[in-house]
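Open the model in a viewer and keep a selection prompt ready. Each stop below says what to select and what is there.

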Amino acid sequence: MDISRLRQNLKPWMLPIAMLCGILFHSVIDSVQFLAPWLIFTMLLITFCRLRPSEFRITPLTWLIVAVQIFGGIALYFALSPLSTDIAEGAMICVLCPTATAAPVITGMLGGSIAVLVAISLLSNLGVALVAPPFFAMIGGQTGMHISYAEAFLTIAAKVGPLILGPIAVALLLLRFAPRVHDAISSRQSLSFYIWAVSLIIVVGRAVTFAMAEPAERVPEMVLLALIAGAVCIAQFIIGRRIGRRYGDRIAGAQGLGQKNTVLAVWMAVTYLNPIASIAPAAYIAWQNTINSVQIYYKERRSAQSKNQACR
């Protein structure tokens, strides 16, 4: 079996393998977690080099996905808060959380519009940075927590902004001043997938370490939060796909609404909400990447079948 065939057969299993490695080697992840932002930056740079400035646009699909994220998250909190504040916060953060910075990578692999997904990711992260601070201040005030709007906005923007805007800026500079380098990077799109797999090991490892640090008596609540995260994850992929189908890009719709910046979500939950609520976005990591793995598996299988039929 040649290298390309082996890589093609292994690709659908890369994300499950990465998650398993994160679980098995979580105890040593802290020593390499500093690599995660650089891996994401590199991965996005490769993806954005595939995108031309003329292709970038904000469409009704962009606005609708972001509206569902923000207002859906807030509505879900108020619907569940009479039952349990912790459960409400966990479910809310899984919806309110902005689109993952890595979502354009998976979208490109699945055949969706990278340009549409980049617009969704940018607007989503900006919207959450504007809405989350006052909303967290309101619900935090009910539990004795008080946060500064300016501090929360700047912290969220500082964590998200460089990872999104930085690769876009570098890609545009390369396109303008080093087109050969830009084209060389653009022609190596498959690298972004394997970089994402490595970064996933770090993200999953950190989530497992955090969950294991919780006391044993909270295990039932943690399990419930994980199950709710799964239900919310599946629902968002389905809703996003239906919205996207209406506007001609079901893949971008599904990934834009379903694939979340879970690292940011865990941080926001630990920082501004009840820390136990962070179990939901931590579990969401496994749910969304399981869905992504299944989608990639069927996409690769369809591609292989098409190639085999073409060769006959």
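Select Q288 and show what surrounds it: apart from neighbours within four places in sequence, Q288 is in contact with C233, F237, G258, Q259, K260 and T262, where contact means heavy atoms within 4.5 Å. Q288 lies in helix α14, residues 279-311. Helices here are DSSP runs of H or I with at least four residues, strands are runs of E with at least two, and both are numbered from the N terminus. With a relative accessible area of 2%, Q288 is buried. Buried stands for under 20% relative accessible area, exposed for over 50%, and partly exposed for what lies in between, with a 1.4 Å probe and protein chains only.

Before going further, note that this is a predicted model, in which local features need pLDDT of at least 70 and side-chain atom pairs count only at pLDDT 80 or more, while totals for chains, interfaces and linings use all residues. Residues are numbered from 1 along each chain as its sequence is written, and side-chain values use heavy atoms, with hydrogens and water left out.

**Still in α14: A280**

Move to A280, which is also found in helix α14. A280 counts as buried, at 1% relative accessibility. Leaving aside neighbours within four places in sequence, its contacts are G90, C94, L225 and A229. Draw a distance from A280 to C94: the C-alpha atoms are 6.9 Å apart, although the two residues are 186 residues apart in sequence.

**Helix α12: Q255**

Now select Q255 in helix α12. Is Q255 buried or exposed? At 0% relative accessibility, Q255 counts as buried. Beyond the neighbours within four places in sequence, Q255 is in contact with T99, A103, I106, T107, L110, L117, F237, N292 and Q295. F237 was also on the contact list of Q288.

**The loop before α12: Y247**

Step back along the chain to Y247, in the loop between α11 (219-246) and α12 (250-258). Y247 counts as partly exposed, at 39% relative accessibility. Which residues does Y247 contact, leaving aside its neighbours within four places in sequence? They are P60, L61 and L64. Between the C-alpha atoms of Y247 and L61 the separation is 6.3 Å, with their positions 186 residues apart along the chain.

**Helix α2 against helix α10**

Colour helix α2, residues 14-24, and pick out M14, L15, A18, M19 and G22, which are buried. These residues cover an arc of only 135 degrees around the axis, which puts them on the same side of α2; the arc is that of the directions from the helix axis to the C-beta atoms. An α-helix has 3.6 residues a turn, so residues three or four places apart point the same way.

Add helix α10, residues 190-212: the axes of α2 and α10 come within 7 Å and cross at roughly 35 degrees. Axes are lines fitted to C-alpha atoms, for helices over the stretch in contact, and angles run from 0 to 180 degrees between N-to-C directions. The crossing of α2 and α10 is right-handed, that is, the near helix is turned clockwise from the far one by less than a right angle.

To see the contact, show M14, L15, A18, M19, C21, G22 and I23 from α2 together with F193, Y194, W196, A197, L200, I201, V204, G205 and V208 from α10. By class, this contact has 14 nonpolar, 2 polar and no charged residues. Nonpolar covers Ala, Val, Leu, Ile, Met, Phe, Trp, Tyr, Cys and Pro, charged covers Asp, Glu, Lys and Arg, and the others, Gly among them, are polar.

**Further along α10: V203**

V203 is found in helix α10 and counts as buried at 12% relative accessibility. Outside the neighbours within four places in sequence, V203 is in contact with T262, V263 and I285. A C-alpha distance from V203 to M19 reads 8.7 Å, for residues 184 apart along the chain.

**Helix α9: V181**

Select V181 in helix α9, residues 179-186. V181 counts as partly exposed, at 41% relative accessibility. The C-alpha atoms of V181 and A171 are separated by 9.8 Å, and the two are 10 residues apart along the chain.

**The whole chain**

Zoom out. The secondary structure comes to 14 helices and 0 strands. Buried residues make up 49% of the 312 residues. Of the contacts with a separation of 6 or more, 83% join residues 24 or more positions apart.
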